[in-house]
Amino acid sequence: MTTHTGGCMCQAIRFEITGEFLGSGACYCRECQYTCGGGPANAVVVQKWQMKLLKGQPHTHWTKSETGNPIGRSFCAVCGTPLFGMNESRPDYLPIMVGALDDPSEFRPMALSWVSSAQPWHRFDPELPKFDKNIPEPPAKG
């Protein structure tokens with residue numbers, strides 16, 4: 001089984017992901033621009049149970065999404081490294097910030113979200129699907 005590791009810049013927080021990523025993408029919403037210094041938030045998505053915190057405890061800042069859902073952004077309170085995202089409307093999924101992975105070269109975006117909020121100087125890969133807002137959830141199987 002595949003294992004991915006990561007943590008913050010100062011190493012106060014360490015985590016491990018068991019299994020494959022469910023998806024990946026870049027989010028251009030204004031909140032992610034704040035978190036990522038103006039650029040998009042690049043993230044891989046896993047199920048919450050796949051991630052195990054090995055060391056430290058991140059701080060989480062909560063806001064409300066455009067639809068009123070609570071959104072949490074976890075980061076290291078010591079060095080400020082963005083780590084995880086949480087959306088209470090999708091409680092089983094955990095976006096992991098690519099910069100927090102020990103090997104960020106594993107990241108390949110599959111789609112772009114919130115392109116309607118992108119700055120005029122952002123450039124998009126023409127090969128990737130683009131969504132004005134959230135990437136839709138896949139239809140339920142069965």
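# Close-up views of the chain

**View A. Q11 sits in the loop between β1 (3-7) and β2.** What you are looking at is a predicted model, in which local features need pLDDT of at least 70 and side-chain atom pairs count only at pLDDT 80 or more, while totals for chains, interfaces and linings use all residues. Residues are numbered from 1 along each chain as its sequence is written, and side-chain values use heavy atoms, with hydrogens and water left out. Strands here are DSSP runs of E, at least two residues long, and helices are runs of H or I, at least four residues long, both numbered from the N terminus. The backbone is the thing to check in this view: phi of Q11 is near 70°, a positive value in a residue other than glycine. For background, most residues other than glycine have a negative phi. Q11 counts as partly exposed because its relative accessibility is 37%; the cut-offs are under 20% relative accessible area for buried, over 50% for exposed and partly exposed in between, using a 1.4 Å probe and protein chains only.

**View B. W114, in the segment after β10, also has a positive phi.** The angle is near 55°, again in a residue other than glycine. Buried or exposed, which is W114? W114 is buried, because its relative accessible area is 13%.

**View C. S117 is another residue of the segment after β10 (111-113).** Follow the contacts (heavy atoms within 4.5 Å) and, leaving out residues up to four places away in sequence, you find S117 touching Y28, C29, R30 and Q33. S117 and Y28 are 89 residues apart in sequence, yet their C-alpha atoms are 6.0 Å apart in space. With 23% relative accessibility, S117 counts as partly exposed.

**View D. The largest nonpolar core has 17 residues.** A nonpolar core is a set of buried Ala, Val, Leu, Ile, Met, Phe, Trp, Tyr and Cys residues joined through side-chain atoms within 4.5 Å. F15, I17, M51, L83, F84, L94 and I96 touch the most other members. Strands β2 (14-18), β4 (41-47), β8 (82-87) and β9 (93-97) each chip in at least two residues of this core. Which strand gives the largest share? That would be β8, with three residues. In soluble globular proteins, nonpolar side chains tend to be buried together.

**View E. Two of the core's well-connected members, F15 and L94, get a closer look.** F15 belongs to strand β2, and F15 is buried, with a relative accessible area of 0%. From F15 to A100 it is 85 residues in sequence and 9.3 Å in space, C-alpha to C-alpha. L94 touches V44, V45, V46, K48, M51, F84, G85 and M86, with residues up to four places away in sequence not counted.

**View F. Y93 is in strand β9.** Y93 is partly exposed, with a relative accessible area of 34%. Which residues does Y93 touch, not counting residues up to four places away in sequence? The list reads L22, V45, V46, Q47, K48 and E137. As a ruler for the view, the C-alpha atoms of Y93 and P120 are separated by 30 Å, with their positions 27 residues apart along the chain.

**View G. E137 lies in the segment after β10.** Beyond its neighbours within four places in sequence, E137 is in contact with R90 and Y93. The C-alpha atoms of E137 and R90 are separated by 9.3 Å, and the two residues are 47 apart along the chain. E137 counts as partly exposed at 46% relative accessibility.

**View H. Zoomed out, the chain has one helix and 10 strands.** Along the sequence, the pattern goes β-β-β-α-β-β-β-β-β-β-β. The C-alpha trace spans about 40 × 35 × 30 Å along its principal axes. Of the 142 residues of the chain, 37% count as buried. Among contacts with a separation of 6 or more, 55% come from residues 24 or more positions apart. There are 13 positive and 13 negative side chains, and the centres of the two sets lie 4 Å apart. In that count Lys and Arg are positive and Asp and Glu negative, with His and the chain ends not counted; each charge is placed at NZ of Lys, CZ of Arg, CG of Asp or CD of Glu.
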